[in-house]
Amino acid sequence: MTIEVNASLVIPDGDLSLSFVRGSGPGGQNVNKVASAVQLRFDLDGTVALTDAVKSRLRALAGRRLTDDGSILIIARNHRTQEANRREASDRLADLIRTALVPPKPRKKTKPTRASKERRLESKSHKQRTKGLRSKIHWD
């Protein structure tokens, strides 16, 4: 079961492992008999399909789905059949990888404009006058 992320990237079978467990979702009388929930495990540390930069972004995006051994665990149990849950798990992994493939835009340093500096100083002096009016009057 290979996962096609986009036209140029395909995750090979060796990096994925599937296991089926009993799901807690819909299933009627079958829910206690059939293992329809899917656990998709993607070996993030061992894969050669992704660059190091994409791997680091994927680690940050994975959050609690990242296990201690450096793999991503996706559990799908929304559907009644194994096939639908397998499709959902692979789609969720592909979406996660697609998001990690986009590099973040670099931040451009900017300076405050002259008008914004003047507005800041004007508001400071306004607050200073307001607080000065709150103080007690001293008759000298």
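**Reasoning from cut-offs**

Mentor: Arg92 and Glu88 are paired through their side chains in a salt bridge, with 3.0 Å from N to O. The model is a predicted one, in which local features need pLDDT of at least 70 and side-chain atom pairs count only at pLDDT 80 or more, whereas totals for chains, interfaces and linings use all residues. Residues are numbered from 1 along each chain as its sequence is written, and side-chain values use heavy atoms, with hydrogens and water left out.

Trainee: Why is the pairing of Arg92 and Glu88 called a salt bridge?

Mentor: The term requires a side-chain nitrogen of Lys or Arg within 4 Å of a carboxyl oxygen of Asp or Glu. The N to O distance for Arg92 and Glu88 is 3.0 Å, so the pair qualifies. Both residues belong to helix α2 and stand four residues apart, about one turn of the helix. Helices (H or I, at least four residues) and strands (E, at least two) are DSSP runs, numbered from the N terminus.

Trainee: What makes Glu88 buried or exposed?

Mentor: Buried means under 20% relative accessible area, exposed means over 50%, and partly exposed lies in between (1.4 Å probe, protein chains only). Glu88 has 15% and is therefore buried. Arg92, at 32%, is therefore partly exposed.

Trainee: How do you know that Glu83 and Arg86 form a salt bridge?

Mentor: Their closest N and O atoms are 2.9 Å apart, which satisfies the cut-off, so the term applies. These two residues are also in helix α2, three residues apart, about one turn of the helix. Glu83 has a relative accessible area of 41% and is therefore partly exposed; Arg86, at 23%, is likewise partly exposed.

Trainee: What makes Glu122 and Arg129 count as a salt bridge?

Mentor: The closest N and O atoms of Glu122 and Arg129 are 4.0 Å apart, and the cut-off is met, so this pair is included. Elsewhere, salt bridges with shared partners link Glu83, Arg86 and Arg87 into one network. The whole structure contains seven salt bridges.

Trainee: Why does Asp15 have no salt bridge?

Mentor: Lys and Arg count as positive and Asp and Glu as negative, while His and the chain ends are not counted. The nearest side chain of opposite charge to the buried Asp15 is Lys55, which lies 8.1 Å away, so the salt-bridge cut-off is not met. Asp15 sits in the loop between β2 (9-11) and β3 (16-21).

Trainee: What makes the pairing of Asp15 with Thr47 a polar contact?

Mentor: A polar contact is a pair of N or O atoms within 3.5 Å; within protein, one must be able to donate a hydrogen and the other to accept it, and residues adjacent in sequence count only if both atoms are side-chain atoms. The side chains of Asp15 and Thr47 are joined at 2.5 Å, so the distance condition is met. Ser71, in strand β5, has a side-chain polar contact of 3.5 Å with Arg41. With a relative accessible area of 2%, Ser71 is therefore buried.

Trainee: How do you know which residues belong to a nonpolar core, and how many does the largest one have?

Mentor: Such a core is a set of buried Ala, Val, Leu, Ile, Met, Phe, Trp, Tyr and Cys residues joined through side-chain atoms within 4.5 Å. The largest has 22 residues, and Ile11, Phe42, Leu50, Leu58, Ile72, Leu93 and Ile97 have the most contacts inside it. At least two core residues come from each of β1 (3-6), β2, β4 (37-43), α1 (52-62), β5 (71-76) and α2 (82-101). Helix α2 gives the most, with six residues. Ile11 is in contact (heavy atoms within 4.5 Å) with residues including Phe42, Leu50 and Ile97, when neighbours within four places in sequence are left aside.

Trainee: Why is the chain described as more spread out than a compact globule?

Mentor: The chain has three helices and five strands, in the order β-β-β-β-α-β-α-α from the N terminus. Its radius of gyration is 28 Å, well over the 14 Å that the globule rule gives for 140 residues, so the chain is more spread out than a compact globule. That radius is taken over C-alpha atoms, and the rule is 2.2 Å times the number of residues to the power 0.38. The C-alpha atoms fill a box of roughly 90 × 40 × 25 Å along the principal axes. Of the 140 residues, 26% count as buried.
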